[in-house]
Each structure stands twice: as C-alpha cells, then as structure tokens.
Amino acid sequence: HIDALESLISGGIPGADAHGRLGRIETPGNLRFYISGEKLVMEKAASENGKISKFGKPVDILLKRCADLLLEKNSLRVTLKIQSRPPARAELGFDKQGEFFDTAALKFPLRIRSCRQGDRFHPLGAPGEKLVSDYFIDAKIPREERGQALVVEDGAGIIWLWPHRLSQRVRITGATRNAISLRLEKLRMHPERTLNPRGCVR
C-alpha cells in the first residue's frame with residue numbers, strides 16, 4: 001500500500017470525481033485515502049456491514065405509529081409529539097436536535113438507524129437527491145461528526161439526516177395542516193426503556 005500511496009500523491013492514480021477528489025485507495029482497517037485539492041485526505045470507510053456509528057453499537061429504533069412517545073434506547077432519548085397546529089416559521093430550524101414534519105407526507109412506521117454506505121436523500125432546498133456521504137463533503141461536516149449522524153426514514157425513504165438536514169419531501173409548507181415534532185438527544189448512559197409523556201416508566 002505504500003507504493004500505491006506514493007502513486008496517489010504523485011498523481012499516478014488518475015480520475016477526479018465531481019468533488020475534485022483524485023483517485024482513491026482503501027487499505028486494511030477500513031481506511032480510505034484520496035487527493036482533494038492540494039491535500040491528501042485520510043478517512044474511515046464504512047464497516048463491512050455498511051453501518052457507521054459512534055453510539056457504541058448500531059442504532060436501530062422503530063416508531064410504529066404516529067402517537068406521543070418518549071423513548072430511551074441505544075443511548076438516545078427520542079421524543080415524538082403530535083402538534084395541535086403547524087409550527088410558525090420562527091420555530092423552524094431553531095433546534096438542531098429536533099425537527100418538524102408534515103404528517104400528511106409521512107409514511108409510518110418511522111425508523112431511526114445508523115448511516116449506511118449508499119444512503120441517499122433529498123436535502124431541504126437542494127435540486128435533487130444526493131448520497132449522504134456527498135452531503136457531508138458538500139456541507140463541510142467535520143469528519144469526526146459524521147460517525148455521530150443518524151438517519152430517520154419512513155416507508156418512502158430518508159426524511160432526516162440528524163442533526164444536519166431535513167428532507168425536502170416532509171418539510172412544513174403553507175399547505176401543512178397537521179405536523180409532528182421529533183427530537184433526538186444523545187444520552188451518556190445506555191438505558192432501554194419507554195416512558196409516557198409525563199416521564200413515568202412503562
């Protein structure tokens with residue numbers, strides 16, 4: 001692999017992608033090297049099962065129905081609330097840990113999970129879909145934060161790249177009549193319990 005790295009640095013591995021990344025080498029230990037501009041970049045590639053997570057183990061939480069819920073699992077506190085009215089514009093984008101969704105655009109159940117290699121979504125305001133990995137690069141998300149990101153998906157695809165970007169499909173619009181809010185908070189401990197809205201353990 002040393003020879004390959006020398007060839008990469010000297011320009012011996014041609015082929016730049018749309019982001020200007022020249023060549024690419026993957027080594028044992030899931031390390032990936034490529035040239036970006038004038039820099040040699042090293043990053044951690046996806047693991048063999050395609051999941052990337054810094055929560056200690058892959059996150060996989062299923063929310064089966066649209067109902068108020070407070071759940072603690074996989075080092076996360078998940079709060080789902082049905083809104084009595086669509087949120088005001090000033091409320092949108094205020095909290096990175098939480099988002100509002102147009103209920104009519106959702107296809108339950110919802111799943112909260114670790115990112116996987118090949119994940120795609122349509123970021124809010126973007127002209128179309130892109131790979132989550134490309135979104136990280138375009139949005140200049142620090143490499144150390146990427147492994148902490150999660151995706152929330154419904155029956156039609158990813159609706160939220162937490163805690164970075166909502167999907168265009170489920171955004172609140174002037175036509176929204178009903179909405180839900182979803183908030184994810186990382187916990188220090190690893191409890192697995194379900195609580196009712198008043199915080200009592202079920």
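So, β13 and β14 make a hairpin, and there are 2 residues between them. This is a predicted model, by the way, so keep that in mind as we go. The two strands run antiparallel to each other and pair over 2 bridges. If you want to find them, β13 covers residues 157-162, and β14 is residues 165-166. For one spot to look at in that pairing, take Trp-160: across from Trp-160, in β14, sits Leu-166.

Okay, now the other neighbour of β13. Which strand is joined to β13 by 5 bridges? That's β12, residues 150-154, and again the pair is antiparallel. Here too we've got a hairpin, with 2 residues linking β12 to β13. One bridge you can check on screen is Asp-154, whose partner in β13 is Gly-157.

So β13 pairs with β12 and also with β14. How many of the 6 residues of β13 are buried? It's 5, so the strand is mostly covered, going by a cut-off of under 20% relative accessible area.

Let me jump to another place in the chain, Asn-74. You'll find Asn-74 in a loop, the one that runs between β6, residues 69-73, and β7, residues 76-83. Is Asn-74 buried or exposed? It's buried: its relative accessible area is 7%, and the cut-off is under 20%. And what does the side chain of Asn-74 have by it? A polar atom of that side chain lies 3.2 Å from the backbone nitrogen of Asp-60.

That's my tour, thanks everyone.

Terms used: Residues are numbered from 1 along each chain as its sequence is written. This is a predicted model: local features need pLDDT of at least 70, side-chain atom pairs count only at pLDDT 80 or more; totals for chains, interfaces and linings use all residues. Side-chain values use heavy atoms; hydrogens and water are left out. Helices (H or I, at least four residues) and strands (E, at least two) are DSSP runs, numbered from the N terminus. Buried means under 20% relative accessible area, exposed over 50%, partly exposed in between (1.4 Å probe, protein chains only). A polar contact is a pair of N or O atoms within 3.5 Å; within protein, one must be able to donate a hydrogen and the other to accept it, and residues adjacent in sequence count only if both atoms are side-chain atoms. Two strands pair if DSSP finds at least two bridges between them.
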